[in-house]
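Me: I'd like to learn how to read the places where a protein meets DNA. Can you walk me through one?

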2 protein chains.
Amino acid sequence: MERIVQNPEFEETKQIIEEYASRKYTLQINGLCSVNYRGRAKSKLDRGERIVIKKQDSALLVHGPENYQPKNWQPEVDRWNVQIDEENEELVMESKRTSPEELVEIRFERIDLVTVDQLVDKSELKIRGHEVDIHEAVEEEPEIVEDGLKVVEREKETPAGFIDVFARDTEDKYVVIEVKRNPDYNTVLQLQRYVDEIEEEFSGKIRGILLAPKMTDKILDYLEDRGLEFVEVEMEDVIASYESLNQSQKGLSDFDPSYET
Amino acid sequence: MERIVQNPEFEETKQIIEEYASRKYTLQINGLCSVNYRGRAKSKLDRGERIVIKKQDSALLVHGPENYQPKNWQPEVDRWNVQIDEENEELVMESKRTSPEELVEIRFERIDLVTVDQLVDKSELKIRGHEVDIHEAVEEEPEIVEDGLKVVEREKETPAGFIDVFARDTEDKYVVIEVKRNPDYNTVLQLQRYVDEIEEEFSGKIRGILLAPKMTDKILDYLEDRGLEFVEVEMEDVIASYESLNQSQKGLSDFDPSYET
DNA sequence: TAATAGATGTCGGGT
DNA sequence: ACCCGACGTCTATTA
């Protein structure tokens, strides 16, 4: 750990920020501050004790004592500015970003702790259970959706967007499949959009199937009102499908079996 | 600040976590760790240096050196468990949550810093620029959309859903306005559905306007192909509209004028 | 409690 | 650099 300073003076904190803000260091500042934001929206946050984190890619987070999400943030900062406001006895830390034009201004009244560190983390997050895993499972085992289904194409491009799975059923009718982990009304519209597009392209009636691990009554109504269908897929089957696939490839398993219990 | 410990032993860290995890304290732990998650999906994150934060409402964040978002998290934790894995020389911190059933397991190999604090933050975030603020701005100043526009109704209910703004133009034609901060293809279909619905109700041609702060060429094409219109709204105008409204009510201004420059 | 829509959404992948 | 869709989305609001 590069530096740890408790209850630093503004001057010292200013120097630390100026030294490390624009470099690949992680800064953590605990203190009493207020925050203003202006850009895509505008916000004001009065004084409170918070944790400010500047990450190595310049991401900025202002975390309060509660909630998953930060109170204020900046996913990417282009320019930093630190000033001591003698009149108000505040340390002012500004982060600017272009595209979109945005500004976060943090005014510290008191600083409790500053740490500087260069975190080393080359590990990639391996995750299973995403929508794309359902796509793969369908390609691997089309009977998940329907017996006799033949997958024609995945991620088929159309003027209306990308169709998740394009297939034909036992009667050789075209089937548009939209896969969603968390379907909502928009998903229905999205599927309709694709079906409309394909019907135009092939000038005939096309089936549209929404494939999802869950569904609500209202969305189902909305779907069926449009002549579209719903097929449920078990997320556990998808993960199992992936893992059975992976078990055959010794040593490539993404997950530690000891974690299973 | 309740406690700050550098390079603590596992035993000491375990005691600190056990003492504070379930109480309204903020814990920050910097160290080398790996993380497993299982619940709605499943993930594995190999060893790397990270910042683990447990907030006062039990939210758990595992932040890597980059990005706005945490690598792993738990918005709410119901049960904590800390164990020292002597065999692997790891400190294992488990957080469980029911509804949905989820588990995050953090395995520390090295701990650099532990801090315990009780952050006091009673301030509410005041924010302007949400979609509803655009609605209000239109009601206040309909010329934002079009000269001579008269707002008939906001949040008008139809069988197809709620119409953001229902209005009439200078020629007394009905206008359906859909407001979106981030419009997409589905927004177009949504608007079209409202227009179809209203055309049925009033049996006549109805105008449909998508009001948004931004637009892409493709979505614009898709919109205009359907005879619908796009009007751009400046978020700054929306915010200004709110503030001019508020200035008339002395002392209620949400924002510090000194920030304006 | 569940469902529904919004977010300064963010992020990754493709063009 | 922009466009587009997914997200362990999260979160607030409402039935």
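Reply: Sure, let's start with the term you'll need: a polar contact is a pair of N or O atoms within 3.5 Å. Keep in mind that this model is predicted.

Me: Okay, so which atom of DNA strand C does the side chain of Thr216(A) reach with an N or O atom?

Reply: A phosphate oxygen, with 3.3 Å between the two atoms. Arg181(B) also has a polar side-chain atom by a phosphate oxygen of DNA strand C, at 2.5 Å. Asn72(A) goes for a base instead: an N or O atom in its side chain is 3.0 Å from a base oxygen of that strand.

Me: How do I get from single contacts to the whole surface around DNA strand C?

Reply: Gather every residue that has a heavy atom within 4 Å of the strand. For DNA strand C that gives 21 residues, and the closest are Lys218(A), Tyr68(B), His130(B), Glu131(B) and Arg181(B). From chain A, β5 (72–74) and α4 (217–225) each give at least two residues to this surface. Sorted by class, the surface has 8 nonpolar, 6 polar and 7 charged residues.

Me: And which parts of DNA strand C face the protein, by share of the atoms within 4 Å?

Reply: Sugar or phosphate makes up 81% of those atoms, and bases make up the rest.

Me: Now the other strand. Which residues come nearest to DNA strand D?

Reply: His130(A), Glu131(A), Lys180(A), Trp73(B) and Lys218(B), out of 26 residues around the strand. Those 26 aren't one kind of residue: the surface splits into 9 nonpolar, 9 polar and 8 charged. Of the DNA strand D atoms within 4 Å of the protein, 81% are sugar or phosphate, with bases as the rest.

Me: What polar contacts should I look for there?

Reply: Check whether the protein atom sits in a side chain or in the backbone. Lys180(A) uses a polar side-chain atom, 2.5 Å from a phosphate oxygen of DNA strand D. Tyr68(A) uses a backbone N or O atom, 3.0 Å from a phosphate oxygen of DNA strand D. From chain B, Asn72(B) puts a polar side-chain atom 3.1 Å from a base oxygen of DNA strand D. The elements giving two or more residues to this surface are α3 (185–202) of chain A, plus β5 (72–74) and α4 (217–225) of chain B.

Me: Last one: how do I read a domain label?

Reply: Set the label beside the fold. An unreviewed UniProt entry lists residues 31–119 of chain A as "domain: Endonuclease NucS N-terminal PH-like". In the model, that stretch is 0% helix and 66% strand, and its end C-alpha atoms are 22 Å apart.

Key
Residues numbered from 1 in each chain as written. Chains lettered and ligands numbered in written order. Predicted model: local features only at pLDDT ≥ 70, side-chain atom pairs only at ≥ 80, totals over all residues. Heavy atoms only, no water. Polar contact = N/O pair within 3.5 Å; in protein donor to acceptor, adjacent residues only side chain to side chain. Helix = DSSP H or I, 4+ residues; strand = E, 2+ residues; numbered from the N terminus. Nonpolar A, V, L, I, M, F, W, Y, C, P; charged D, E, K, R; others polar. UniProt positions renumbered as here; feature names shortened; annotations may be inferred.
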